[in-house]
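Hi,

Here is the structure I promised to send over. Have a look at it first, then read my notes underneath.

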Amino acid sequence: MSLKRFVRGSLSGAMVFLFATSGWAADLAEIKQRGEIRHIGIRYANFVTGAGDGLDVELMQGFAKRIGVSYKLVYSDFYSVIRDLLGKDVVRKNGEVTLAGDYPIKGDVISSGFTVLPWREAILLYSEPTLPSQVLLVAPAESDLQPIQDGADLAADIVNTRKAIGSKSVLVMERTCLDPSNYGLVNVGIDLKAYNKSANLNEMVPAMLNKEAELTLLDVPDAILDLRKWAGKIKILGPISEQQTLATAFPKDAPALRNEFNAYLSEIKASGFYDRLVDKYYPGIRRFFPEYFAKTN
Amino acid sequence: MISSLIRFSRSLAPRWLLIAAAAFLLSMFYLIGNLYTSQVELRQNADARLVSLGEGRAAEVGDFLAERRQAAARLAASEDISNYFSNLDLGMSVKYGLFANLAAIERRFQATVGEEKYQGQAAYLRLAFFDRNGVAQVNVGSSSATTASPMRNALAEPYIQIDDKRRLIVVSVPVLQKGKIRGTVETVSSLNLLSSLVSTNNLGQPHEFLLGDDGQVLLPIEREHSAVVTEGPSLAKLPSGRIQPLSNLSASELRGYLALRSPVAGTRLSVLRLASEDELYGRTLSPLFVFYVGLFAIVLFMLAIGFERMRQNAARLQIKFVESNRHRAELAENNLALSQEIRRREAIEADLERQREALDKSNSELRIAAAAFNSQEGMIVTDTKGVVLSANRAFVGLTGYTIEELVGQTPRLFRSHRRDGEFYRSMWDSVQATGGWQGDMSLRTRSGENCARWLTISAVKNETGEVTNYIGSYYDISKLKHAEEKIQELAFFDQLTGLPNRVLLIDRVRQAVNANIRSKSYGALLFIDLDNFKTLNDSLGHHMGDMLLKCAAQRLSHCVRADDTVARFGGDEFVVLLANLGTQKAKVAALQAEAIGEKILAAFTEVFQLDTYEYPCTASVGVTLFSTDECNVDELLKRADLAMYDAKTAGRNGLRFFDPAMQTMITARAALETDLREDLKKERLLLHYQPQVDHEGRLLGAEALARWPHAHKGMISPSEFIPVAESTGLILPLGALMLKTACRQLARWSTDPATERLTIAINVSALQMRQKNFVEEVRAIIEQTGANPHRLKIELTESTLVSNVDDVIAKMGKLKAIGIGFSLDDFGTGYSALSYLKRLPLDQLKIDRSFVKDVLVDSNDAAIAQMIIALSRSLGLSVIAEGVETEEQYAFLAGHGQLSYQGYFFGRPMPAEDFVSLARAFSPRHRLKRVRGSVNQVSA
């Protein structure tokens, strides 16, 4: 099955499902009534490790505790995650995003290092940022490409990094934060290699090291983990994107829930719990985004 | 067995107190020993406990520091830091990559700071990671504990630094990546963490300290114990691991304390523990005190035992006193007997000592005798008959005979023949009469040499006085004789010239005067003084003067005969003694003395070579004769001296006689010599011919006799001018002239029948014969004159044969070969070389006129004449007697043989013309009387 046919079929189905199951979208009251909050998570970096913990797992656990409900983790992937939240499939066409089909709503909130993107904001409510991020260009250690020199200007760094790609092939993962279309990499002569064996961003680096492409895109949170995991085998060449924001996503019809979450988030940031979680799962990210954490603190 | 035990126990019974004391002493020694050992062990245990505690403390501190060092090393080797450098090496920037590693490191450090505890306290105040440039990439912990980063650049090994001011322990370890130092990890801990390891005691005083190597007190934190702080440098130098009393420190608070310094391994820290003796050992007795207490008890007990023993001894002494009195009496008797025995033995010992001394003396004498016998002097031992029994090595060496050759021989073996038998008999008689003899003796060695020795013969007698042996000692007196000669030389000879001095001269003059008085012959004294000697001395110095004197002495010595004496009389005066001039005639003596004087003057005509100077020096000679004059020596010397001054006055370089008559004679003689020399040149001397006849009166020939018809003085006797000719050397031209004249005469005679058979005998002096070319000269004359050599007869005197007789014989042989005959003149008056007579090619012996003169009145002369006649007969020679003046003489001689004759009885010497007349008148047919008468007529 080609990707086009898959998307087309899914979109028509999603629109039907959207209307059929819209009653399933739950706000705070309903959740409290139900007594359970369902957390949709994607096994991705240390946000949702798959082992029952992760930054977003603990955030949401804390939030569940705050609102007095039980917590349930529902696993999803980057292709299905919005559908699992909204019961509709997302269709992006010509810059427009539409929901299509009806699908079962599996959760109440998406929290899994979920990047705030404009098209996502069109269909989702985002909380206050939970973590900053950025997309980097990564190469194997033996690559003849050299990391760019630190520059004061991020835009210049991005330009330099993109120049470095040249004719090298770049491994990307569509519909994720590593989607090249997000960063203007499509149709600009870059040899893009879409990784579609899995929707797990953790496999990008191993795939690159497996020679599936000469370079790969990688977000900062993954980069922090992979620099330790693949120390000496990969190297970061430079930034591909501007700074991004990760946040927890809610259905558009759950503003109370989002607000409650924002209140919760402010509270834990003030109490230091948030910092401890960040340090626990992403040590060093403070160093990468000092300005963000300075504001947070 | 049992009985022996009983006896042993009984023997011990009286000593029970001693045994008890010994047992008590042993038990006390045992107790004290145990007590002392216990105290020592207690102290050793306390020391060991303190040492162990100190070492434990040091180990704990060391362990703490080691843990810090290991922890820092672990951090430095952590994966995060390794990853950091790996990514750094890949070129990643901090912003896009390394941030993650640094974050991981920071997280690890934070975890370490938060988790690492030590005794409930945070083990670290701060952790930091520096890159190679010393830039702190990670810095976690208290900002108050930051250090000046980096602590150590390019740190190669872990390093621990104690910051006592900030009370920090800073551990720095290098970060190694692939064997290279890439950075440093630094941990900072509080020094106060160690305070729990340093305890204080209950007395409120800290007794345990942590010291730096410079003596800085690091712990405890409270430093009230200021004495330790002030004495820290001294305490830090205490030997480690040994408990030291602090008696030498200036701080009085620490005196009496014991200190133990335990170094912390791997650091410069030390744990110092202080403790007083009471604290360390408790309040126990000192082992020394225990020892003294035990010793005091023992002493007390020993005193008690001693007193008891003294009491018992006093009782025993009382008993022994009584017993000793009894023994004393016995001892007195024994002593008396012993004293007598001692005296007897002393007497024996003294006697033995005397015998030993006598024996030693005897042995010593024997050794001396043996040594003396083997001395450097020759010694022999003989029996009473003079048979040699032994001789020492010196004697063997002296004589050259071996000891075997000497033993058994008498001294005749080595007796010198210089002494006659009478001498030896006299010596032997003296030996036998007196038992000894000594005197000068000459030994004859085996090689025949004679050695002068002083012989001492001593008789050896036995105890009865009987002579058993004789010992002859031959002392070497050669040195003595040499010394005597030296003394004599010093006494009688002048040291400068070596000539006899004034003393010896006077002695010899005295002897000569005495001798000449006896022989009535003349001697002469020549007093010689060097002219102008004083000038030489003053101008060139005494050294040159001495050289001249020595040269003058040599020249003088060459001018005189061997029997004469040249003496240095003093200064530049010399005296020549002509002891015997061999003549009783004053004139002859004067001539001889004058001749020697002239010789001396001639010797001084040559210059003297004195070093580089050629010095002309003449002499003045004064002469005096002596014979029978009864004048003493001083008078003679004065005369010669006066004559010498006369010569000086006459202008020096001259000769003067003391006697004016002598001087006149000498002057006349000189004139005669001049005339003779002149007339010889002009051949004015003549020959006169004295007839020689045979036993039957037939004329045989003539003896040619020289005659000098002086132009002014008339005919001069040969006895007058012949000595002048001999002394001046004119005898040679005179002889040659006479020989030439005779040969001419022969040649003339050969043409006359009356004379053609006659011979001419011509006298040839010894001087002529010694001429090398005499034979050739004779031959030349014969050839020149045409004389018949068979008619020529040469008469030689015995003086011709005195020297070089072989040369004379050879020349005679050569002349004999051409027909010349030889007659020996004056036979019997001088050198009677009978042994050569046979070798001489003679034809005739001539009986001297002195024998013929007294042949009728002197039996000796008659015997001589007879002997000559008999001798010539036995030798086959003819005989001619000269000086026959009377018929009686002729008759006597004719009665003993057929002789030829010459003399006035047959004819006087006559001129050649007269002799020819005589010969013509002489006819063989004439009777002897007629001949004789004719001769006399011619002579007349």
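Below is what I found, starting with chain A and then moving on to chain B.

One thing to keep in mind: this is a predicted model. So how confident was the predictor about chain A? The average pLDDT there is 85, and 91% of the residues score at least 70. That score varies along the chain, though. Strand β5 (residues 109-110) of chain A has the highest mean among the chain's elements, at 95, while helix α1 (residues 3-21) of chain A has the lowest, at 37. If you look at residues 1-25 of chain A, pLDDT stays under 50 all the way. The model still gives that stretch 52 contacts beyond four places in sequence.

Now for chain B. It has 940 residues, and 33% of them count as buried. Its secondary structure adds up to 29 helices and 34 strands. Take the contacts between residues at least 6 apart in sequence: 58% of those join residues at least 24 apart.

One strand of chain B is worth finding on your screen: β28 (residues 759-764). Is it mostly covered or mostly open? Mostly covered, with five of its six residues buried. Which strands does β28(B) pair with? One is strand β26 (residues 699-710) of chain B, in the parallel sense, over four bridges. There, Ile760(B) in β28(B) is the bridge partner of Ala702(B). Another is strand β29 (residues 792-796) of chain B, also running parallel to β28(B) and joined to it by five bridges. In that pairing, Ala761(B) has Lys793(B) of β29(B) as its bridge partner.

Cheers

Note on methods. Residues numbered from 1 in each chain as written. Chains lettered and ligands numbered in written order. Predicted model: local features only at pLDDT ≥ 70, side-chain atom pairs only at ≥ 80, totals over all residues. Helix = DSSP H or I, 4+ residues; strand = E, 2+ residues; numbered from the N terminus. Buried ≥ 20, exposed ≤ 12 C-beta atoms within 10 Å, placed from the backbone. Contact = placed C-beta atoms within 7 Å. pLDDT = per-residue confidence, 0-100. Pairing = 2+ DSSP bridges.
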